[in-house]
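Let's take a friendly walk through this protein, starting from one pair of residues and working outwards. Please have the sequence and the model open as you read.

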Amino acid sequence: MKFNLFTNETTYGTENGQVKFPHGIAIDSSGKVYIADTANNRIQVFSENGTFINKWGKTGKADGNFNTPSGIAIDSSGKVYIADTANNRIQVFSENGTFINKWGKTGKADGNFNTPSGIAIDSSGKVYIADTANNRIQVFSENGTFINKWGKTGKADGNFNTPSGIAIDSSGKVYIADTANNRIQVFSENGTFINKWGKFELNDNKLNFPYGLAMDKHGGMYVTDEINNMISYTPLISFSNKDGRIFASNSSLVLERVIDGLDTPTAVAFLKPDDFLVLQKTKPLIVRVVNGQILDQPVLNLTNSTVIKGCMCDIAISKQENGSAYVFLYYYMGEDKNGGNLTGDLVNRLYRFELVNEKLVNPTVLLEMNSSQNALHNGGKMVIGPDDNLYLTIGDIDGRTTLAQNIKDGPLPDGSSGIIRITQDGQPVTDPITKDFLLGSSYPLNLYYGYGIRNSFGIDYDANTSEFWITDNGPTYGDEIDFVKPAFNGGWKKISGMSSLSPNFDKNNLTDFVGIGKYYDPAFVWQTPVGVTGLAFVNSDILGIEYKNDLFVGDINNGYLYHFDLDHNRTGLKLDGLLSDKVAENQNEVIKAAIAQIYGKVISLELGSDGLYITTANGKILKLTDDQESSTPIG
C-alpha cells in the first residue's frame, strides 16, 4: 500500500526533491514537511503540496552530516531532532537546518546508542528515543541530558526485540513498535508497562514486523507493517494498568482499586454505600466488604455441603418495608455427598435468604433447573426489576432442543434458554389485568419473559423506560446486545447476530407461541466473539453528565469496557460511522465501541452510589468514577 503525500509525487534519486529509501517524516506547525532521506544522508523540506524548500546534510560524521538518518521529530518551538542512526547519535537543528546540538555515541551506557531509530517528543519537551539494537527506550531533556531508560532484550512485558517506531499521545502514553516481537507496547511516560497488542501472523489482522508509528489528531494510530506490506489504522482507547487506573486521553473517568486478592469475583450487591456482598466464582461462600476491607466472617458459608462446579453466578438484595432484607443467590452447583466429590447431576438453583444479625438464614429454594456435570451454558445473571420481580438469564444448558431454542417440533420449554421472571416468593407472574401468563400456563413455560437465549451474562433495565436489555454470547460469531420487550425471542438456535448477515434465516422457522413471541435483530453485534459479559445502565450523573443514562458493557476476552449512548426512543443504540450498521466487523471497530481496557478482564458490572463497580478475572473489584469527584487513584 502506498500513499502519495504530495500533489507531485516524489521520485527515486539524488536531486533536490528526489529521495532514496526515506524513513522518517514529520510536519511542523506551519505545515512544512521534513523527510529523513535516509540513503542520501540528508534532510529535505517540502511545502505541504510537495514543493521543494530546503535540504541539509551529507554523508559523514561532522556536525550536520549523517549516516543513515531515520527518525525525525519536531518540538513545539520548531527545533528538528534527527536520529542519526549509523552514527549512533541525536542531532538537533533549527527549522532552516542550522546545527544546534548533538548527543550520544556508540555504546550501552546511559546516553549512548546502538542504531537509534524512532524519536518522539512529548508536550513537556522530553525526547524519547528507540535505542534499537540496545533493545531499550531512553528519555532525555531537550538539550540531551539523560533522564530515564527502560527495557532490555526479551519477550516479557516491557522488554524488546529491535524496537523502532515510537509515538506519544496527548495524555503522555508512549507507544513503541516492538518490531521483531511483532507487537505494539504501551507505557506511561516514566516507563511503566500498560498494555500490548499484536503477534506474528501473515494476514491483514496481525502485525508482522511493525516499524513506523504515527498518531492522528483523533488519537488513532497508523502502523507500518513491513512484511505484510500494509499500513494499519487503530482508533486507540483508554488503557488501565495492573493496578486498575484508566490512562484516558479523551475521558474524565478514572478507575480506583477497591479490593483485590479475591478468587474470580463474579458479582457484588450493595447493602449500603461502601458496604457490599461479594460472590467468588467457585467458592461456596459470600463475603462482606465494608470500607474496602473483607470482614473476617462470611455472611454465608456452604463449604461443608456444596461443591461449586460452575459458578456462584449472581446476588441481589431486596430491602423490605420492615427494615429486613432478602438476599437472592443464583448459582450452579452440585451436592457434596462423597468426601469432596460431586455426586449426581448439577443444578441451577435460586435461593432466597434473610439477612439477620450479619448472617444469611432461613434459606428457601425459589427455582431449580437440572443440568449435568459436564454441561455448558448454565447459570447467568439476575436483576430485581422495576416491578420488584426477579429476572434471571439462563443459557441453553448444553444445547437443549425445546421450543425455547426455536425447535418448532421440540418439547415444551424446560427452563433453559430463557429470561425467567418470578416473584420474590418464587411464583410465576401474571398480567395484572387479565391474570394471564405471558407465553402459556404450563410450568415452567409460565416463568418465561423471553426465550431463544444462548449464553447470557448480562441483564439490566433502563430506569427511563423500565425496559430490559441483555447480553448474549454467540457460538463462533455473533455476540449480542439485545433490547428486550415482553415475549422477546432472541432467535437461538436458528440465528445468532444480525439476520442481514444470515442469508438462510427465515423468521417463519422460529417458535412464536401462537403469535406471542417476537424476534427482532440485536441492538449491537460483535461478529467475532468477544465473550460479552456484564451490562449496566448508569441512571445518574455519578460518572458525569455526559454518561448519565448511558449503557456500559464488558467483555472477558479482551477486557474491554464499552460505552453506548441510546437513541431518541431508547429502544436502540446511537451509532455512527463504522458502527452505523450495528456490527463490529473487525478489531478496529471493536475498539471504536470501547472506552477503556481493563487489566484482568471484565466479569460483571454493578452501579453503586459512588461509581460503576467492575469485577475482574484477576481477583479485583474496581470502581469507575468521575475524576472530578474521585479520590486519588491507586496507580
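Isoleucine 176 has glutamine 185 of E15 as its bridge partner. The pair belongs to strand E14 (residues 174-178) and strand E15 (residues 183-187), which run antiparallel and are joined by 5 bridges. Strands here are DSSP runs of E with at least two residues, helices are runs of H or I with at least four, and both are numbered from the N terminus. Two strands pair if DSSP finds at least two bridges between them.

Before going further, a word on the model: it is predicted, local features need pLDDT of at least 70, side-chain atom pairs count only at pLDDT 80 or more, and totals for chains, interfaces and linings use all residues. Residues are numbered from 1 along each chain as its sequence is written, and side-chain values use heavy atoms, with hydrogens and water left out.

E14 and E15 sit within an open antiparallel sheet of 4 strands, ordered E13-E14-E15-E16. Strand E13 (163-168) and strand E16 (193-197) are at its edges; each has a single partner strand, so one side of each is left without a neighbour in the sheet. Another open antiparallel sheet of 4 strands has the order E22-E50-E49-E48. Its edge strands are E22 (253-259) and E48 (602-608), each pairing on one side only. E22 pairs with strand E50 (residues 621-626) in the antiparallel sense over 6 bridges, and glutamate 256 stands opposite lysine 623 in E50.

The table sets out the average twist from one strand to the next; axes are lines fitted to C-alpha atoms (for helices over the stretch in contact), and angles run from 0 to 180 degrees between N-to-C directions.

| Sheet | Average twist |
|---|---|
| E13-E14-E15-E16 | 20 degrees |
| E22-E50-E49-E48 | 25 degrees |

Two loop residues are worth a look. Is aspartate 169 buried or exposed? Aspartate 169 lies in the loop between E13 and E14, and is buried because its relative accessible area is 10% (buried means under 20%, exposed over 50%, partly exposed in between, with a 1.4 Å probe and protein chains only). Its side chain makes a polar contact with the side chain of lysine 173 at 2.7 Å. A polar contact is a pair of N or O atoms within 3.5 Å; within protein, one must be able to donate a hydrogen and the other to accept it, and residues adjacent in sequence count only if both atoms are side-chain atoms. Lysine 435, in the loop between E35 and E36, is exposed, with a relative accessible area of 55%. A polar atom of its side chain lies 3.3 Å from the backbone oxygen of proline 432.

Now for the interior. The largest nonpolar core has 28 residues, and Phe328, Leu350, Met382, Leu390, Leu392 and Ile420 touch the most other members. Such a core is a set of buried Ala, Val, Leu, Ile, Met, Phe, Trp, Tyr and Cys residues joined through side-chain atoms within 4.5 Å. Leaving aside neighbours within four places in sequence, leucine 392 is in contact (heavy atoms within 4.5 Å) with residues including Tyr330, Leu367 and Ile419. Apart from this core lies another, of 24 residues, among them Phe483, Trp526, Leu551 and Tyr560.

Finally, the whole chain: the protein has 1 helix and 50 strands, and 57% of its 635 residues count as buried.
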